[in-house]
Amino acid sequence: MSAQPDHAPVTPYAPAPGAPAELLAQLRADKRANTWVPAFEREWVAALEESRRTFSLAGLYAVVRDWQGRLASAPAVDAFVASGYDDSEFIDMAELRGRPR
């Protein structure tokens with residue numbers, strides 16, 4: 001009998017070794033740097049502490065992946081906001097369910 005699993009585990013996303021530093025440089029160059037850089041650094045420090053406790057890089061990878069996504073989607077969000085789209089008549093699901101807000 002083999003001690004090997006009968007299925008191949010899914011390989012987690014692993015950013016390039018320099019990805020966090022490159023990401024931080026991009027965040028510092030962004031117009032939202034005043035809020036984004038401290039938020040990234042807080043999340044990175046928390047993930048680093050978790051990594052030290054658990055011996056897992058998953059939290060660090062997640063922080064990089066999430067911030068890469070935020071940075072990548074920022075132009076689309078800016079375009080949406082700049083378009084002047086009126087979303088004031090959205091459907092409030094809590095109101096539909098009869099729950100107080």
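**Figure 1. Lys31 and Asp78 meet through their side chains in a salt bridge, with N and O 3.5 Å apart.** This pair ties together distant parts of the chain: Lys31 sits in the loop between H1 and H2, while Asp78 belongs to helix H3, and the two are 47 residues apart. Keep in mind that what you're looking at is a predicted model. How open to the outside are the two partners? Lys31 has 68% relative accessibility, so it counts as exposed, because the cut-off for that label is over 50%. Asp78 comes out at 28%, which makes it partly exposed.

**Figure 2. Arg70 and Glu43 are joined by a salt bridge between their side chains.** Here the N to O distance is 3.7 Å. Once again the link runs between distant parts of the chain, with Arg70 in helix H3, Glu43 in helix H2, and their positions 27 residues apart. Arg70 has a relative accessible area of 34%, so we call it partly exposed. Glu43 gets that label too, at 29% relative accessibility. While we're on salt bridges, have a look at Asp30, Lys31, Arg32 and Asp78 as well: salt bridges with shared partners join them into one network.

**Figure 3. Arg28 and Glu41 make another salt bridge.** Their closest N and O atoms are 3.5 Å apart. Which helices does this pair link? Arg28 is in helix H1 and Glu41 is in helix H2, 13 residues apart, and they connect distant parts of the chain. Arg28 counts as exposed, with 53% relative accessibility, whereas Glu41 is partly exposed at 34%. If you search the whole structure, you'll find 6 salt bridges.

**Figure 4. Now for the inside: the largest nonpolar core has 16 residues.** Which of them have the most contacts inside this core? They are Leu23, Leu27, Trp36, Phe40 and Trp67. The elements giving two or more residues to the core are helix H1 (19–29), helix H2 (33–54) and H3. Pick out Leu27 and check who its neighbours are. Leaving aside residues up to four places away in sequence, Leu27 touches Ala33, Trp36, Val37, Phe40, Trp67 and Leu71. Among these partners, Trp36, Phe40 and Trp67 also appear in the list of core residues with the most contacts.

**Figure 5. Val77, Phe80, Val81 and Tyr85 form a nonpolar patch on the surface.** Together, these residues have about 430 Å² of accessible area. Zoom in on Phe80, which lies in helix H3 (residues 58–82). Is Phe80 buried or exposed? The answer falls in between: its relative accessible area is 44%, so Phe80 is partly exposed, because buried means under 20% and exposed means over 50%.

**Figure 6. Stepping back, the protein has 4 helices and 0 strands.** Follow the sequence along and the pattern reads α-α-α-α. How much of the protein is buried? Buried residues make up 24% of its 101 residues. On the outside, the protein exposes about 8000 Å², with carbon and sulfur atoms supplying 58% of that area. The contacts tell you something about the fold as well. Take the contacts with a separation of 6 or more: residues 24 or more positions apart account for 54% of them.

Conventions: Residues are numbered from 1 along each chain as its sequence is written. This is a predicted model: local features need pLDDT of at least 70, side-chain atom pairs count only at pLDDT 80 or more; totals for chains, interfaces and linings use all residues. Side-chain values use heavy atoms; hydrogens and water are left out. Patches are made of residues with over 30% relative accessible area and no salt bridge: like charges are joined within 9 Å, nonpolar side chains (Val, Leu, Ile, Met, Phe, Trp, Tyr) within 5 Å. Accessible areas come from the Shrake-Rupley method with a 1.4 Å probe; for residues, only the protein chains shown count as cover. A salt bridge is a side-chain nitrogen of Lys or Arg within 4 Å of a carboxyl oxygen of Asp or Glu. Buried means under 20% relative accessible area, exposed over 50%, partly exposed in between (1.4 Å probe, protein chains only). Contact means heavy atoms within 4.5 Å. A nonpolar core is a set of buried Ala, Val, Leu, Ile, Met, Phe, Trp, Tyr and Cys residues joined through side-chain atoms within 4.5 Å.
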